[in-house]
Amino acid sequence: MARADQTEIRMRIVIEQPVTGVLHSLQEGDDKVLDPKYSKDGEPLPFDFPVRIAPGPKFFGDQVRREGPERRFVYIRIGQSAGDCQSPWTRRMKIDIHDTPQDLLDRAMAGEGVVELTVGGTGKDGTPACATVRVTGRRIV
């Protein structure tokens, strides 16, 4: 699809209640680490990135990964995967974006703000959440 048919918006993933002291980062491509950060006292970790939207909606961008014809997601790297070779964890969060409500996408494309997706950062066992992580909140900020 031609880029002329795509509109760039900003998205933000906020990891709430991350495990303190564990490095998290966005993933670009197969191995590039972007915007590494960790929580000192349990504060949320925000990650901002651009996404191009085409009719459908279809999602494109350096952080956007695909699985099958519909599923689009973003990876958050954790521990060693995020660049901390001393971490006991080598994990990734898989955060779906393809199911973002159309009204939020429309508002972002109209320039009303950033689409913010919130996820939990700690698993039931107290370690960093990983694999497919359910989005718990969606809004425009």
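The legends below describe close-up views of one predicted model.

Residues are numbered from 1 along each chain as its sequence is written, and side-chain values use heavy atoms, with hydrogens and water left out. Because the model is predicted, local features need pLDDT of at least 70 and side-chain atom pairs count only at pLDDT 80 or more, whereas totals for chains, interfaces and linings use all residues.

**View 1. The whole chain, with one helix and eleven strands.**
Helices (H or I, at least four residues) and strands (E, at least two) are DSSP runs, numbered from the N terminus, and along the sequence they follow the pattern β-β-β-β-β-β-β-β-α-β-β-β. The C-alpha trace spans about 45 × 30 × 25 Å along its principal axes. The radius of gyration, taken over C-alpha atoms, is compared with a globule rule of 2.2 Å times the number of residues to the power 0.38; for 141 residues a compact globule would have a value near 14 Å, and the 15 Å of the chain agrees with this. Buried residues, meaning those under 20% relative accessible area (exposed is over 50%, partly exposed in between; 1.4 Å probe, protein chains only), make up 43% of the 141 residues.

**View 2. An open sheet of five strands in the order β5-β4-β1-β9-β11.**
The pairing in this sheet is mixed, two strands being counted as paired if DSSP finds at least two bridges between them. The edge strands, each pairing on one side only, are β5 (58-60) and β11 (135-140). Neighbouring strands are turned by 35° against each other on average, direction ignored, where axes are lines fitted to C-alpha atoms, for helices over the stretch in contact, and angles run from 0 to 180 degrees between N-to-C directions. Strand β4 (residues 45-54) runs antiparallel to β5 and is joined to it by three bridges; Arg52 has Phe60 in β5 as its bridge partner.

**View 3. Helix α1 and Ala108 against the sheet.**
Helix α1 (residues 102-109) lies across β1 (7-16), β4, β5, β9 (115-120) and β11, and runs at about 40° to β11. Ala108, which is found in this helix, counts as buried at 7% relative accessibility. Leaving aside residues up to four places away in sequence, Ala108 touches Ile9, Gly113, Val115 and Ile140, contact meaning heavy atoms within 4.5 Å. The C-alpha atoms of Ala108 and Met11 are separated by 8.8 Å, although these residues are 97 residues apart along the chain.

**View 4. Thr127 in the loop between β9 and β10 (131-132).**
Thr127 is buried, with a relative accessible area of 17%. When residues up to four places away in sequence are not counted, Thr127 touches Val19, Trp89, Arg91, Gly121 and Thr122.

**View 5. Salt bridges, including a network of Arg12, Asp48, Glu116 and Arg139.**
A salt bridge is a side-chain nitrogen of Lys or Arg within 4 Å of a carboxyl oxygen of Asp or Glu, and a search of the whole structure finds nine. One of them joins the side chains of Asp48 and Arg12 (2.9 Å, N to O); Asp48 lies in strand β4 and Arg12 in strand β1, so this pair ties together parts that are 36 residues apart in sequence. Asp48 is partly exposed, with a relative accessible area of 30%. Glu67 forms a salt bridge with Arg71, their closest N and O atoms being 2.9 Å apart; Glu67 is partly exposed at 38%, whereas Arg71 counts as buried at 18% relative accessibility.
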